[in-house]
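Trainee: Please take one part of this model and go through it slowly with me, namely the aromatic side chains and what surrounds them. I would like one connected account rather than a list.

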Amino acid sequence: MRKLGLGLLLAAATINAQEKEIPSKVFWNNLQKHCGKAYEGKLADYVKNDDFAGKELKMHVISCKPNEIKIPFHVGDDHSRTWVLTYENDVIKLKHDHRHKDGSEDKVTQYGGTNPNPGFEKFQMFPADLETHQRIPYASTNVWWITLDENKYTYNLQRAGSDNKFTVEFDLTKEVEKPQAPWGWTGK
């Protein structure tokens, strides 16, 4: 009888462990729910003297594939920025795709980082990777992070050793009109 009880307990623990999803996958699935939707953003109150101040800020979850999500970040009439998130081996990578009006890549593009672990269901962190160090040496100590819950998506940046922090918050409770396609968009 004791062996049966222990066996049932181990079986229940195994089933429970298998049912618990990986935090990065939960984050990914929750972000996928916003595919095709656009949201208005605002700078966090503590962000001062930023080039984005006073401009309309929008994010548009424009493309969702099983392992890639593209989110253009529109700043007023500037449609040059797209956050590209990829999901592989239970971790998420963030890259910044910057384009000119003609669609060509900016000289400062494809920088970002990969979360070194599965993170949390509502929080993913991306320390600067080697490619970022090689492309933009001064950004070697950058750390980006994204938070996501039912009401809000935030994009954040801080450079180690600096008190300056950048945060833009998007209200996920109110969809807005979709902006124009980002510069260089080919529909992929």
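Mentor: Before anything is placed in a loop, the elements on either side need a meaning: helices and strands here are DSSP runs, of at least four residues for a helix (H or I) and at least two for a strand (E), numbered from the N terminus. The model is predicted, and on that footing the protein has three helices and eleven strands, which follow one another along the sequence as α-α-β-β-β-β-β-β-β-β-α-β-β-β. Of its 188 residues, 39% are buried, and among contacts with a separation of 6 or more, 44% join residues 24 or more positions apart.

Now to the rings themselves. A pair of aromatic rings is described by the distance of the centres and the angle of the planes. When rings are paired if their centres lie within 6.5 Å, the protein has twelve aromatic pairs. One of them joins tryptophan 83 and tyrosine 155, whose ring centres are 4.5 Å apart with 20 degrees between the planes; the pair counts as stacked because planes under 30 degrees apart are put in that class. Tryptophan 83 belongs to strand S5 (residues 78-88) and tyrosine 155 to strand S10 (residues 152-159), so that the pair links distant parts of the chain, 72 residues apart. Tryptophan 83 and tyrosine 155 are both buried.

Another of the pairs, formed by tyrosine 111 and tryptophan 144, is tilted, with 5.9 Å from centre to centre and 35 degrees between the planes. This pair too links distant parts of the chain, since tyrosine 111 is in strand S7 (residues 111-114) and tryptophan 144 is in strand S9 (residues 142-148), 33 residues apart. Tyrosine 111 has a relative accessible area of 13% and tryptophan 144 has 1%, and because the limit for a buried residue is under 20%, both count as buried.

Which residue touches members of both pairs? Histidine 96, whose contacts beyond four places in sequence include Trp83 and Tyr155 as well as Tyr111 and Trp144. The remaining partners of histidine 96 in that set are Thr82, Thr109, Gln110 and Gly112. Histidine 96 is part of strand S6 and is itself buried, because its relative accessibility is 3% and the limit is 20%. From histidine 96 to lysine 70, which is 26 residues away in sequence, the C-alpha to C-alpha distance is 9.8 Å.

One of these partners, glutamine 110, deserves a remark on its backbone. Most residues other than glycine have a negative phi, yet glutamine 110 has a positive one near 60 degrees, and it sits in the loop between S6 and S7. A comparable value, about 55 degrees, is found for asparagine 89, which lies in the loop between S5 and S6. Asparagine 89 is exposed, with 68% relative accessible area. Asparagine 115, by contrast, is in the loop between S7 and strand S8 (123-127) but is buried at 3% relative accessibility, and beyond four places in sequence asparagine 115 is in contact with Val91, Ile92, Gln124, Met125 and Phe126.

The stacked pair also belongs to a wider group, for Trp83 and Tyr155 form one aromatic cluster with Phe52, Phe73, Tyr153, Phe166 and Phe170. From this cluster the account passes to the largest pocket, which holds about 820 Å³ of space. The lining of this pocket has 30 residues, and those closest to its centre are Asp50, Phe52, Tyr155, Leu157 and Phe166; Phe52, Tyr155 and Phe166 have already been named as members of the aromatic cluster. At least two lining residues come from each of S5, S6, S9, S10 and strand S11 (165-175), and S10 gives the most, with four. By class, this lining divides into 14 nonpolar, eight polar and eight charged residues.

The second largest pocket, for its part, has about 150 Å³ of space. Its lining consists of Val26, Asn30, Lys33, His34, Glu121, Lys122, Leu148, Asp149 and Glu150, which divide into two nonpolar, two polar and five charged residues.

Technical notes:
Residues are numbered from 1 along each chain as its sequence is written. This is a predicted model: local features need pLDDT of at least 70, side-chain atom pairs count only at pLDDT 80 or more; totals for chains, interfaces and linings use all residues. Side-chain values use heavy atoms; hydrogens and water are left out. Rings of Phe, Tyr and Trp (its six-membered ring) pair if their centres lie within 6.5 Å; planes under 30 degrees apart count as stacked, over 60 as edge-to-face and the rest as tilted. Buried means under 20% relative accessible area, exposed over 50%, partly exposed in between (1.4 Å probe, protein chains only). On a 1 Å grid over the protein atoms alone, a cavity is a set of points where a 1.4 Å probe fits but cannot get out, and a pocket is an open set with protein on both sides within 12 Å along at least five of seven lines; lining residues have an atom within 4 Å of a point. Grid points are joined across faces, edges and corners, and a volume is the space filled by probe spheres set on the points. Ala, Val, Leu, Ile, Met, Phe, Trp, Tyr, Cys and Pro count as nonpolar, Asp, Glu, Lys and Arg as charged, and the others, Gly among them, as polar. Contact means heavy atoms within 4.5 Å.
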